[in-house]
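Student: I have a structure to go through before I head back to the bench. Can you walk me through it?

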Amino acid sequence: MDNKLKIGIVCYPTFGGSGVVATELGLGLAKKGHQIHFITYRQPARLNTFQENIYYHEVSGEDYPLFEYSPYDTALASKLVDVVKYENLDLLHVHYAIPHAAVAYMVKKILLAEGKYIPVVTTLHGTDITLVGANKAFAPVVAFSINKSDGVTAVSEYLKQATFKQFNIDNEIEAIPNFIDFERFTKKNKDHFKKAIAPEGEKILAHVSNFRKVKRVGDVIRVFEKVFEKTPSKLLLIGDGPERKHAEELCREIGLCDEVRFLGKQDAVEELLAVADLFILPSESESFGLAALEAMACEVPVISSNVGGIPEVNIHGVTGFHSELGDVEDMAKNAIDLLTNEDKLETFRKNALKQAQTFHIDKILPKYENYYHKVIRESVYKNIKSEATN
Ligand code: GMT
């Protein structure tokens with residue numbers, strides 16, 4: 001049997017972690033010979049060059065005077081029906097439950113009416129369960145579409161359990177963690193950057209996020225304020241979002257504008273991580289913390305909160321430290337401890353890399369491949385059953 005698959009991937013093509021994971025997964029699978037079809041409303045950032053086995057189908061909405069909001073879900077469903085049929089896909093893999101899992105269910109029903117069973121795998125990423133999905137406006141649809149997916153994966157054990165707790169789920173969920181591509185995320189020599197950012201050899205702290213409230217960028221700055229009192233240092237804030245304005249105001253208020261650099265959205269995050277000594281992630285909620293894993297792959301220990309799936313990635317006292325949510329005193333104490341003890345910092349750097357290697361793309365991709373094959377095998381029986389009841 002040819003075990004190469006034709007897979008449709010649906011995701012948000014934005015800077016969010018779920019879109020990044022979906023894109024990297026597709027690229028990795030394509031390199032292994034699977035045929036990957038991305039179906040989104042905009043080309044994902046990293047699909048901008050020709051790559052073997054990668055196809056892109058754009059979903060374009062329709063404006064009509066009657067519509068105050070263009071019906072994206074309907075446009076996506078119609079596009080998916082078209083792509084599944086004409087590209088003869090084996091499976092649809094949708095990332096982020098809202099609205100993708102619900103749309104995929106509709107697609108499945110439409111195709112079933114035409115005699116084709118398309119298995120659907122839904123991957124839960126975090127806020128689709130813990131924040132947006134928990135909202136009463138979405139919850140019934142989220143629960144229903146998780147239950148109706150042929151396969152469901154969550155990016156951490158924590159998120160799997162949180163989903164069972166949050167919703168009435170009678171489906172199984174497989175925890176498949178996020179992964180790291182070491183061809184990209186690896187410590188590179190960027191001494192010229194280091195000299196430009198920290199000319200006096202100051203320590204460099206970094207934070208990468210989409211600057212939403214849940215990331216608590218204010219805590220990052222408060223931790224840095226305390227670290228700066230004890231040791232010469234600089235803070236790099238990478239990314240952009242609604243909280244940036246408040247973060248800038250806070251820096252002005254506490255007089256740290258010269259020590260904090262706001263770098264905005266950056267494509268080559270790994271080049272900045274290469275010069276960092278510590279990564280700060282004080283999030284209020286985090287299903288996994290891909291940003292922390294990327295830092296660890298670049299040998300940067302992590303000072304974080306202890307929420308959600310973070311402890312599955314950042315090991316307390318080994319690859320960094322956790323503190324209770326909002327405990328900036330403790331985070332600063334841990335940061336100072338590492339930054340003022342070269343030997344300890346070096347050990348934590350090595351530990352961070354070693355832990356990141358357990359999430360190597362080569363280890364995680366086969367988990368998805370095996371899971372796809374299992375779901376397809378099982379759906380053959382579902383197809384026979386549905387034909388019998390139709
Ligand atoms: O963190 C964000 O705000 C973006 C969000 C997303 O869905 O795009 O990230 C979630 O998915 C990432 C990839 O699986 C995880 O690493 C993040 O922890 C998760 N964010 C939250 O749970 C807040």
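Tutor: We will take the ligand site, then the salt bridges, then one loop residue. Keep in mind that this is a predicted model.

Student: Ligand first, then. How many residues surround the ligand, and which are the closest?

Tutor: There are 19 residues around the ligand. The closest are His125, Asn210, Arg212, Lys215 and Glu286.

Student: What is the shell made of, by class?

Tutor: Polar residues number 11, nonpolar 5 and charged 3.

Student: Which helix gives the largest share of the shell?

Tutor: Helix H1, residues 17-31. It supplies 3 residues.

Student: And which domains does the shell draw on?

Tutor: Domain 1 (6-179 + 360-389) and domain 2 (191-357). Each gives at least three residues to the shell.

Student: Now polar atoms. How far is the side chain of Lys215 from a ligand oxygen?

Tutor: An N or O atom of the Lys215 side chain is 2.7 Å from an oxygen atom of the ligand. For the side chain of Asn178, the distance from an N or O atom to a ligand oxygen is 2.9 Å. Phe288 uses its backbone: an N or O atom there lies 3.1 Å from an oxygen atom of the ligand.

Student: How much of the ligand does the protein bury?

Tutor: The protein buries 96% of the area that the ligand exposes when taken alone. That starting area is 480 Å².

Student: Switching to salt bridges. How many are there?

Tutor: The count is 21.

Student: Why do such pairs form at all?

Tutor: Opposite charges on side chains can pair when the charged atoms come close.

Student: Show me one. What does Lys374 pair with?

Tutor: Lys374 forms a salt bridge with Glu378. Their closest N and O atoms are 3.7 Å apart.

Student: Where do those two sit in the helix?

Tutor: Both are in helix H15, residues 361-389. They are 4 residues apart, so about one helical turn separates them.

Student: Are they buried or exposed?

Tutor: Partly exposed is the call for each. Lys374 has 30% relative accessibility, and Glu378 has 37%.

Student: What about networks: which residues are joined by salt bridges that share partners?

Tutor: Lys194, Asp277 and Arg349 are joined into one network.

Student: How far apart are the side chains of Asp277 and Lys194?

Tutor: Their salt bridge is 3.9 Å, N to O. The pair links distant parts of the chain, 83 residues apart. Asp277 is in the loop between helix H10 (269-273) and strand E11 (278-281), while Lys194 is in helix H7 (residues 191-197).

Student: Is that pair buried or exposed?

Tutor: It is mixed. Asp277 counts as buried because its relative accessibility is 5%. Lys194 is partly exposed, at 26%.

Student: Is there a pair within helix H9? Which residues?

Tutor: Arg244 and Glu248, both in helix H9 (residues 244-253). They are 4 residues apart, about one turn of the helix. Their salt bridge is 3.0 Å, N to O. Glu248 is partly exposed, with a relative accessible area of 23%.

Student: Last topic, Thr340. Where is it?

Tutor: Thr340 is in the loop between helix H13 (328-339) and helix H14 (342-357). Thr340 is partly exposed, at 49% relative accessibility.

Student: What does its side chain meet?

Tutor: A polar atom of the Thr340 side chain lies 2.6 Å from the backbone oxygen of Ile336.

Student: And how far is Thr340 from Lys203?

Tutor: In sequence, 137 residues. In space, 9.4 Å from C-alpha to C-alpha.

Technical notes. Residues numbered from 1 in each chain as written. Predicted model: local features only at pLDDT ≥ 70, side-chain atom pairs only at ≥ 80, totals over all residues. Heavy atoms only, no water. Near = heavy atom within 4 Å. Polar contact = N/O pair within 3.5 Å; in protein donor to acceptor, adjacent residues only side chain to side chain. Areas by Shrake-Rupley, 256 points an atom, 1.4 Å probe, with all protein chains shown as cover. Nonpolar A, V, L, I, M, F, W, Y, C, P; charged D, E, K, R; others polar. Domains from an automatic or database assignment. Salt bridge = Lys/Arg side-chain N within 4 Å of Asp/Glu carboxyl O. Buried < 20%, exposed > 50% of the residue type's maximum accessible area, 1.4 Å probe, protein only.
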